[in-house]
Amino acid sequence: MRIGIGNDVHPFEEGRRLVIAGIEIPYERGLGGHSDADVLSHAICDALIGALGEGDIGEHFPDTDDEYENISSLVLLKKVKELIDNNGFFIENIDATIIAEEPNFSDYKDRMEQNLSEVLEIEPHQINIKAKTNEKMGFIGRKEGVAAIAVALINTF
């Protein structure tokens, strides 16, 4: 068994969609970034890549590469799943937390787990998503952006 941890942070930006786990969340601002800035999917990618001992998301999908500009992070997550498969591992489970003062993500967690489970070809109960505030502290508390952390457990066949 191997364990990986991942985190990601993106600032809010006017004129962008807010996409988390491939779901567009109604909100006045989206997240800024090279891809769709799906902070949760990025944290999960990083956790899975870390569990493999294969570096980090930026090494695999650099923000200097035009191929990844505005790409759906679910496409990146699918590529990470292929990396896991090609290295003889499978995903046991993922535990992740979205950290944001707003919007409230509670109503979307089940759909997020479903989306992610389909991309990763695992059961929804193998993914647990939590949403927390930052108690009005720091850049998250000032509603400047969103963060996510994730832990992944992988195993060999």
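Is Gly22 buried, partly exposed or exposed? Hold that thought for a moment, because the answer hangs on one number: the relative accessibility of Gly22 is 35%, so Gly22 counts as partly exposed.

Okay, hi everyone. Before I go on, please keep in mind that what you see above is a predicted model.

Let's stay with Gly22. You'll find Gly22 in the loop that runs between strand 2, residues 18–20, and strand 3, residues 23–25. Who does Gly22 touch, once we skip residues up to four places away in sequence? The list is Asp38, Leu74 and Asn115. And if you want a distance to try on screen, go from Gly22 to Pro103: they sit 81 residues apart along the chain, and their C-alpha atoms are separated by 16 Å.

Now let's zoom out. The protein chain has five helices and seven strands. Following the sequence from start to end, you read β-β-β-β-α-α-α-β-α-β-α-β. So how does the overall size compare with a compact globule? For 157 residues, such a globule would have a radius of gyration near 15 Å, and the protein chain has 15 Å, so the two agree. If you prefer a box, the C-alpha trace spans about 45 × 35 × 25 Å along its principal axes.

What about inside and outside? Of the 157 residues, 48% count as buried. The exposed surface comes to about 7,700 Å², and carbon and sulfur atoms supply 45% of that. On the charge side, there are 14 positive and 30 negative side chains, with the centres of the two sets 5 Å apart. And here's one on how the chain folds back on itself: take contacts between residues at least 6 apart in sequence, and 71% of them join residues at least 24 apart.

For a close-up of the inside, click on Ile98, which lies in strand 5. Ile98 has a relative accessible area of 0%, so Ile98 is buried. Leaving out neighbours within four places in sequence, Ile98 is in contact with a whole list of residues, including Ile20, Leu40, Phe105, Met112, Ile129 and Val146. Measuring tape out again: Asn134 is 36 residues away from Ile98 in sequence, and the C-alpha atoms are 10 Å apart in space.

Here's another buried one, and this time the residue is an arginine. Arg29 sits in the loop between strand 3 and strand 4, which is residues 30–31. The relative accessible area of Arg29 is 16%, and the cut-off for buried is under 20%, so Arg29 counts as buried. Setting aside neighbours within four places, the contacts of Arg29 are Phe12, Glu13, Glu14, Arg16, Leu18 and Lys143. Ser73, 44 residues from Arg29 along the chain, has its C-alpha 18 Å from that of Arg29.

Remember Lys143 from that list, as we'll come back to that residue. First, rings! The count comes to three aromatic pairs. One of them is Phe61 with Tyr68, an edge-to-face pair with 5.3 Å centre to centre and 80° between the planes. Phe61 and Tyr68 are both buried. Another pair is Phe90 with Phe157: their centres are 5.2 Å apart and the planes are at 45°, so this pair is tilted. Why does this pair tie together separate parts of the chain? Because Phe90 lies in strand 5, residues 89–99, while Phe157 is in the segment after strand 7, residues 145–156, and those parts are 67 residues apart in sequence. Phe90 is partly exposed at 25% relative accessible area, whereas Phe157, at 73%, counts as exposed.

Last stop, the backbone. Most residues other than glycine have a negative phi, and most peptide bonds are trans. Which peptide bond here is cis, with omega near 0°? The bond from Glu102 to Pro103. Pro103 lies in the loop between strand 5 and helix 4, which is residues 109–120.

Then there are positive phi values. Glu121 isn't a glycine, yet has a positive phi of about 55°. Glu121 lies in the loop between helix 4 and strand 6, residues 127–132, and at 53% relative accessibility Glu121 counts as exposed. And back to Lys143: phi there is near 65°, again positive and again not a glycine. Lys143 is in the loop between helix 5, residues 138–141, and strand 7, and counts as partly exposed at 34%.

That's my tour. Thanks for listening!

Technical notes
Residues are numbered from 1 along each chain as its sequence is written. This is a predicted model: local features need pLDDT of at least 70, side-chain atom pairs count only at pLDDT 80 or more; totals for chains, interfaces and linings use all residues. Side-chain values use heavy atoms; hydrogens and water are left out. Helices (H or I, at least four residues) and strands (E, at least two) are DSSP runs, numbered from the N terminus. The radius of gyration is taken over C-alpha atoms; the globule rule is 2.2 Å times the number of residues to the power 0.38. Buried means under 20% relative accessible area, exposed over 50%, partly exposed in between (1.4 Å probe, protein chains only). Contact means heavy atoms within 4.5 Å. Accessible areas come from the Shrake-Rupley method with a 1.4 Å probe; for residues, only the protein chains shown count as cover. Lys and Arg count as positive and Asp and Glu as negative; His and the chain ends are not counted. The place of a charge is taken as NZ of Lys, CZ of Arg, CG of Asp or CD of Glu. Rings of Phe, Tyr and Trp (its six-membered ring) pair if their centres lie within 6.5 Å; planes under 30 degrees apart count as stacked, over 60 as edge-to-face and the rest as tilted.
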